[in-house]
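Hi everyone, thanks for making time this morning. I'd like to walk you through a structure, so please have the view open while I talk.

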Amino acid sequence: VPLDNVTAKLGDSALPDAPVEGGSFTTSSVGCAIHAACRAVQEELLGLAQRMAGSPLTGAKLDDVVFAEGKIRRKDDEHREVSVADAMRAGKTDRIEKEASAEPKGNSKYAHFTHSAVFAEVKIDEQLGVIRVTRVVNAVAAGRILNPQIAESQILGAVVGGIGMALHEETLTDHRFGRFMTHNLADYHVPVNADVHSIDVFFVEEKDEEINPLGVKGVGEIGIVGTA
């Protein structure tokens, strides 16, 4: 169906349980449950289409068809198709509702982690003691990237944070009283615009059918650790 016809709801206590938002793994965790629920909807739709008189989809399995443009279509013959609306109308069905859950493969023998390589160009003024990180290149392999713009922004922000961890940020403690001395943004230094120069983010094409049905991994904090 057109994307305009899809409404996503998230963060409502009336909805089924979901994991906490952290590590940027919502897509890889919740997305797998959504995928499973969508497959269940597709199975019911295919069954309705196959029960139609003279159905061109008779005998087809779920992996034999593709759902596109509001139609159920055989992969081996795109002319053999049934519209979703016709299938539901023939089955006297006005609503299909499915719920599914997903669990991580905890006992898998494969590594499921996102990984990256970070390269930094650093210039130092020896007389003034000034350090400038003039360029950072961060190449990330995080499986299938569903939204390149958001994923790139995640890594860009992480690189800035990594520069701050390495060169600017320092927590000073008064050991007599156990009090943090740099407890506000006036004293605790973080990178500002003048500290951030060229940052290039690349996503390495990675097709991982072992991790989950979507091939998606969490982007998480992978952009910050290597930079720091």
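Let me start with one term: two strands count as paired if DSSP finds at least two bridges between them. Please also keep in mind that this is a predicted model.

With that in hand, look at strand β1, residues 65-68, which pairs with β2 in the antiparallel sense over 4 bridges. If you want a spot to click on, V66 has R73 in β2 as its bridge partner. The hairpin of β1 and β2 has 2 residues between the strands, and in this hairpin E69 takes a positive phi near 55°.

Now carry on to β3. β2 and β3 also pair in the antiparallel sense, over 3 bridges, and they form a hairpin with 6 residues between them. Here the bridge partner of I72 is V82, in β3.

What about charges in this part? Side chains of opposite charge can pair when their charged atoms come close. One case is E81 and K71, whose side chains meet in a salt bridge at 3.2 Å, N to O. E81 lies in strand β3, residues 81-83, and K71 in strand β2, residues 71-74, so this pair ties together parts that are 10 residues apart in sequence. How accessible are the two partners? E81 is partly exposed, with a relative accessible area of 28%, and K71 counts as partly exposed too, at 31%. The pair also belongs to a network of salt bridges that links E69, K71, R73 and E81. So E69, which takes the positive phi in the hairpin, turns up again in this network.

Two other salt bridges are worth a click. The side chains of R74 and D76 meet at 3.2 Å, N to O. Buried or exposed, what is R74? R74 counts as buried, because its relative accessibility is 11% and the cut-off for buried is under 20%. Its partner D76 counts as exposed, at 60%. The other salt bridge joins K217 and D208, at 3.6 Å, N to O. In this pair K217 is buried, with a relative accessible area of 7%, and D208 counts as buried at 14%. Over the model, the count comes to 13 salt bridges.

Let's move on to another sheet. This is an open sheet of 3 strands in the order β4-β5-β8, with mixed pairing. β4, residues 115-125, and β8, residues 198-203, stand at the edges with a single partner strand each, so one side of each is left without a neighbour in the sheet. From one strand to the next, the twist averages 10°.

How many bridges join β4 to β5? There are 11, and β5, residues 130-141, runs antiparallel to β4. As a landmark, take A117, whose bridge partner in β5 is A139. Helix α3, residues 148-167, packs on this sheet and touches β5 and β8, and its direction makes about 130° with that of β8.

One last stop, on the surface. Which residues make the nonpolar patch of about 330 Å²? They are V122, I124, I131 and L167. L167 sits in helix α3, and L167 is partly exposed, with a relative accessible area of 36%.

That's my tour, and I'm happy to go back to any of these spots with you.

Conventions. Residues are numbered from 1 along each chain as its sequence is written. This is a predicted model: local features need pLDDT of at least 70, side-chain atom pairs count only at pLDDT 80 or more; totals for chains, interfaces and linings use all residues. Side-chain values use heavy atoms; hydrogens and water are left out. Axes are lines fitted to C-alpha atoms, for helices over the stretch in contact, and angles run from 0 to 180 degrees between N-to-C directions. Contact means heavy atoms within 4.5 Å. Patches are made of residues with over 30% relative accessible area and no salt bridge: like charges are joined within 9 Å, nonpolar side chains (Val, Leu, Ile, Met, Phe, Trp, Tyr) within 5 Å. Accessible areas come from the Shrake-Rupley method with a 1.4 Å probe; for residues, only the protein chains shown count as cover. A salt bridge is a side-chain nitrogen of Lys or Arg within 4 Å of a carboxyl oxygen of Asp or Glu. Buried means under 20% relative accessible area, exposed over 50%, partly exposed in between (1.4 Å probe, protein chains only).
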